[in-house]
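The following exercises concern the strands, helices and burial of one protein. Please work through each task before reading its solution.

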Amino acid sequence: MAKKAKTVFICQECGTEHLQWMGKCMACGTWGSLVEEVVVPEKSDDVRSRSSSAKQGSKGPRPLRALWARQLARIDTGIGELNRVLGGGLVPGSLTLISGEPGIGKSTLIVQVAARLADRIGTVLYVSGEESEEQIKLRSDRVCGETGENLYVVSETNMENVLSMVEKLNPKFIIIDSIQTMYTDMLDSAPGSVSQVRACGNALMKLAKTEDIPIFIVAHVTKSGDLAGPKIVEHLVDTVLQFNGERDHEIRILRALKNRFGTTSEIGAFTMQEDGMIEIKDLSATFIESRDTVLPGSVISAIYEGSRPVFFEVQALTSTTNVGFARRTAIGIDNQRLNMIIAVLEKKVGIRLSDQDVYVNIVGGMKPDSTSTDLAVALSIYSALTERTPKHSIVAIGEVGLTGDMRSIANADKIVSEAERLGYAKTVLPSKNYDRIEKTIREKFKNADMLVPAKSLAEAIRTVF
């Protein structure tokens, strides 16, 4: 006799089950996230029958050295920046999750990918639970023009129907837009709930792994920009891609937050145009409009993302405060990091900023998460306060410690090489980085005098100004 279904309360943020409703999830601490769901118990089969069926379906453990890995050729998506972020292209049988704020360009990018893969590898199935076929057609005509016969679209939210279509079409690539709109008849809960997301995600993962079909899944995001729904979505997939960018900026940055087949430090750059997402080949030139003009409060810095250095402009402005306390405003860098750099400038360099409002901005909407921009921020604040400009066109990289010393950063030699290629006269960097590459300076760099080492922030300011 089958057991009676029971009711549990599941947190929609972390997926933790509770026996009774509470105002706050006891696992993640989120308020108002518990939703009542009916859990259908499994059939009470005999344990021996289960073990016997498992023996028939499993090959059993085998020595690792006896296994051989298939060398699967990656699939070229036709978009170079997307290939870069994926690690060289799509892996057959991979499950990729792409997220981003509404209007950031997710649907535009995936319809471009779908159209190009349909011409390259064969049948592509685009499943949309949020738009009609006509809406997808209008977008496709705008960004891709006339598409081939291999691109199929359908507006469907039932997972069983989707799997039936896949069995008939036998596509080479599948897009699900979005996972929060899909549901299965096996569960009574609403689409987007933890149970539905888990069940639909598992079905898609099994389909991808057994049939070697790469699948793209679109996911919603919260107001803070994080992935909406339970963390189970991120754990199920092989790759998590996130679109970042501001609505008032044309530049869109695609970043891999998780990648089982490549590095998570690569970024792809696009610009939103009327005819779709256009790749940006020279990202540094986009962030730096003019290298010839040196103005007070402006310093060039760089970070190393994946396999390429990215240069950008750090701007600072100081103004005498008119209220009881000074304001500290930062766009593109962490505000707490800015407060720390200001404290080091006051304590170790001896400049007064307590009566100055300080504003710092990374031009172009770039949001570097590296500490290698500390020196550029400090130099730009000093330049804005004193109205002095560097003697030459410089690039400043390095982390500033609380003691005022310059701490080394990773990939400094690669940033210096790119700075030399771009034509910058000087590169200010920590002395420890200089010592590491000193032996190869004459061989690697045409102009060894362009390297300016600094042991402390005070020494860097004296050298630059």
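**Exercise 1.** Determine how many residues of β5 are buried, and what follows for the strand's surroundings.

*Solution.* The model is predicted, and a residue is counted as buried when its relative accessible area is under 20%.
1. On one side of β5, Val124, Tyr126 and Ser128 are buried.
2. On the other side, Leu125 and Val127 are buried as well, and both faces of the strand are thus covered.
3. Five of the five residues of β5 are therefore buried, and the strand is largely enclosed by the rest of the structure.

**Exercise 2.** Identify the bridge partner of Tyr126 in β6 and the residue opposite Tyr126 in β7.

*Solution.*
1. Strands of a sheet pair through backbone hydrogen bonds, in either a parallel or an antiparallel sense.
2. β5 pairs with β6 in the parallel sense, over five bridges; within β6, Val153 is the bridge partner of Tyr126.
3. Between these two strands the chain passes through helix α4 (residues 133-143), in a β-α-β crossover that is right-handed.
4. β5 also runs parallel to β7, joined by five bridges, and Ile175 of β7 stands opposite Tyr126.

**Exercise 3.** Give the strand order of the open sheet and explain why one side of β6 and of β12 has no neighbour in the sheet.

*Solution.*
1. The sheet has nine strands with mixed pairing, in the order β6-β5-β7-β8-β4-β9-β10-β11-β12.
2. β6 (151-155) and β12 (276-279) stand at the edges; because each has a single partner strand, one side of each is left without a neighbour in the sheet.
3. From one strand to the next, the twist averages 25°.
4. An antiparallel pair is formed by β10 (residues 251-259) and β11 (residues 267-273), over five bridges. Here Ile253 stands opposite Ala269 in β11.

**Exercise 4.** State which strands helices α5 and α6 lie across.

*Solution.*
1. Helix α5 (residues 159-169) lies across β5 (124-128), β6 and β7 (173-177), at about 165° to β5.
2. Helix α6 (residues 194-211) lies across β4 (95-99), β7 and β8 (215-219), at about 160° to β8.

**Exercise 5.** Describe the protein as a whole: how many helices and strands are there, and what percentage of the residues count as buried?

*Solution.*
1. The protein contains 14 helices and 21 strands.
2. Of its 465 residues, 46% count as buried.
3. The accessible surface comes to about 23,800 Å², and 49% of this belongs to carbon and sulfur atoms.

How values were computed. Residues are numbered from 1 along each chain as its sequence is written. This is a predicted model: local features need pLDDT of at least 70, side-chain atom pairs count only at pLDDT 80 or more; totals for chains, interfaces and linings use all residues. Side-chain values use heavy atoms; hydrogens and water are left out. Two strands pair if DSSP finds at least two bridges between them. Helices (H or I, at least four residues) and strands (E, at least two) are DSSP runs, numbered from the N terminus. Axes are lines fitted to C-alpha atoms, for helices over the stretch in contact, and angles run from 0 to 180 degrees between N-to-C directions. Contact means heavy atoms within 4.5 Å. Buried means under 20% relative accessible area, exposed over 50%, partly exposed in between (1.4 Å probe, protein chains only). A crossover is right-handed if, with the strands pointing away from the viewer, the path from the first strand over the helix to the second runs clockwise. Accessible areas come from the Shrake-Rupley method with a 1.4 Å probe; for residues, only the protein chains shown count as cover.
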